[in-house]
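Hi everyone, thanks for making time this morning. I'd like to walk you through a model I've been looking at, so please have the viewer open.

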Amino acid sequence: MIRFTIFRLSNHQPVLHMDFARRQKEIDLFASLINGDANNREIKRVQVMTEALKERLKLLDVVGDKSYRAKHFLEEIPNGQMFLIVAGHIEDELEYHIYLTQLAKINGVTPEPSTMDRIGSYLWEHYEVRIYKGDDRRRIGVDDKSLRVCRFCGKKMPEVSFKHKAHAISEALGNKGLVCLEECDECNKRFNESIEQDLVQMMLPHLLLHGISGKNGIPVIKGDGFTMKLDTSTRATLGLDTIKYILRDMPNNKDPQNILAGINKDYEPFLQYKPQNIYKCFCKYALSLMDSSELKCFQDTIAWINEPITKHRLPPIWHYSVNTEGKTWKQTTSMIIMRRKHVGKDLPYCWAIMIIAGEPYIFIIPFCSQDKYKFVGKMRQDFFMNGIKNMMQNVPFQPRDMSGITPVKTRIRLSFEISPDCEEGRDYYILEPEMQK
Ligand SMILES: [Zn+2]
């Protein structure tokens, strides 16, 4: 197989992977397409789009339907604009960034300053970066069911089945498109009923506030005398959703301050999770997303994910807040996986950022055979985090110990204010309670 990566200037889809069989006919076809001459096999990295090249795109018709994406991709490049053809499948997000920055420069376009510039130089030195976004359609693993091996139990057909679609990140967290083919039905069911539930329960308030719907729509949160839901019917008129709190013990009173005093307190919804299961679940997602060739150094990690919840010393998970205004990852559930590209063992071999409902969490994948240290001691952690703090300046990172094995309950604090100059009927309404039928 001959593989290429094509880069173009586009905000929408700047990168395309293209494959050609290493056969005379196909090599001729590619040379004819790009150079207009089947005998000229030298494919220059920097190309200029011309009308003639666009004319030649119909040569791809012989390839059939699968050429549609490539044709469409190349057709959209304006005539006279430069694009790049690079040998091999480039998948590292930092390499993308470098190629696209160069491409912008040779086209005389000022590249938009990107956080990648700063983040880039640190990561570039140590890590390979892969980004997985929940709205991408991607099937990870071997297509042929008879050749699949489950990543988590190591079993194949007919011992296990692969009938159900296994989302690489739970669908309830807003992932629609990332599917792991190499997770058997048994493991899928087991994770679904265990660690994935813990994570969904922990994230439920965020999922509700962001209006992220799973299979059964946007979640509703219930507790004793307390229900919280998102009403999206106001989106069309107000451009905003409405959060509805339904409280059983509303004070029977007409004075707003009095009402507030009665309802402003902590509520305890029926939500609980075991912290270590959150950690396991994050790691399980990472192992579902990465290439299966990576898994050999995570066999102990897989054993840990599979075992009943047990006490372990684990590194913390770092949570941080980002200003999501105008940022691209606003609501897309995604994971960014970093894999160390050198043998220096001072840094963890693999760590990742999980973003759910705009909330980012940094975690190290523990029990990796490529690691010399466990990153549970303060010194090791500080060394790791200093690198990250350096590239993400002014971001307050909050370490959270997620090694706990006893359930933690979620609390929701309601705190409404009605300023004294608000008027009833203008700024707020007090409705008569509905009669119980
Ligand atoms: Zn399995």
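I'll start with the overall picture, then go through the metal site, the sheets and the cores.

A quick reminder before anything else: this is a predicted model. The protein has 437 residues, and 44% of them count as buried. You'll find 12 helices and 19 strands in it. Taken along the principal axes, the C-alpha atoms fill a box of roughly 90 × 55 × 45 Å. As for contacts, if we look at pairs at least 6 apart in sequence, 67% of them join residues at least 24 apart.

Okay, the metal. Which residues coordinate the zinc ion? They are Cys 150, Cys 153, Cys 184 and Cys 187, each through its SG atom, at 2.2 to 2.3 Å. The spacing of these donor residues in sequence reads C-x2-C-x30-C-x2-C. With angles of 104 to 116° among the 4 donor atoms, the site is tetrahedral. Now look at the surroundings of two of the donors. Cys 150 has 2% relative accessibility, so it counts as buried. Cys 153, on the other hand, comes out at 31% and therefore counts as partly exposed.

Let's move to the sheet that includes the start of the chain. Here 4 strands form an open, antiparallel sheet in the order E2-E1-E4-E3. Which strands stand at the edges? Those are E2, residues 15-20, and E3, residues 46-48; each has a single partner strand, so one side of each is left without a neighbour in the sheet. From one strand to the next, the twist averages 30°. If you zoom in on E1, residues 2-7, and E4, residues 82-87, you can follow 4 bridges between them, in the antiparallel sense. One spot to click on is Thr 5, which stands opposite Val 86 in E4.

Two helices belong in this picture as well. Helix H1, residues 24-35, lies across E1, E2, E3 and E4, and it runs at about 140° to E2. Helix H3, residues 68-75, packs on the sheet too, touching E1, E2 and E4, with its direction at about 135° to that of E2.

Next, another open sheet, this time with 3 strands in the order E8-E9-E10, again with antiparallel pairing. The edges here are E8, 221-223, and E10, 242-247; each has a single partner strand, so one side of each lacks a neighbour in the sheet. Ignoring direction, neighbouring strands of this sheet are turned by 15° against each other on average. Between E8 and E9, residues 226-231, there are 3 bridges, and Ile 221 has Met 228 in E9 as its bridge partner. Helix H7, residues 195-209, packs on this sheet and touches E8, E9 and E10, its direction making about 40° with that of E9.

Now for strand E14, residues 334-340. Is E14 largely enclosed or open? Of its 7 residues, 6 are buried, so E14 is largely enclosed by the rest of the structure. Strand E5, residues 127-133, runs antiparallel to E14, joined by 7 bridges, with Tyr 132 bridging to Met 335. E14 also pairs with E15, residues 350-356, in the antiparallel sense over 6 bridges; there Ser 334 stands opposite Ile 355.

That brings us to the cores. In soluble globular proteins, nonpolar side chains tend to be buried together. In this model the largest nonpolar core has 90 residues, and those with the most contacts inside it are Leu 199, Met 335, Trp 351 and Phe 363. Helix H10, residues 275-289, gives the most to this core, with 9 residues. There is also a second, separate core of 20 residues, including Phe 4, Phe 20, Phe 30 and Phe 83. Going back to Trp 351, its contacts beyond four places in sequence include Leu 123, Tyr 127, Ile 337, Phe 363, Phe 384 and Met 391.

One last residue, Ile 317, sits in strand E13, residues 317-320. At 1% relative accessibility, Ile 317 counts as buried. Beyond its neighbours up to four places away in sequence, Ile 317 touches, among others, Tyr 279, Phe 282, Phe 363, Pro 399 and Met 402. Ile 317 and Ile 388 are 71 residues apart in sequence, and their C-alpha atoms are 13 Å apart in space.

Thanks for listening, and I'm happy to take questions.

Terms used. Residues numbered from 1 in each chain as written. Predicted model: local features only at pLDDT ≥ 70, side-chain atom pairs only at ≥ 80, totals over all residues. Heavy atoms only, no water. Donors = N, O, S within 2.8 Å, 3.2 Å for Na, K, Ca; no water. Tetrahedral: all angles 85-135°; square planar, octahedral: opposite > 155°, others 65-115°. Buried < 20%, exposed > 50% of the residue type's maximum accessible area, 1.4 Å probe, protein only. Core = buried A, V, L, I, M, F, W, Y, C linked by side-chain atoms within 4.5 Å. Contact = heavy atoms within 4.5 Å. Pairing = 2+ DSSP bridges. Axes fitted to C-alpha atoms, helices over the stretch in contact; angles between N-to-C directions.
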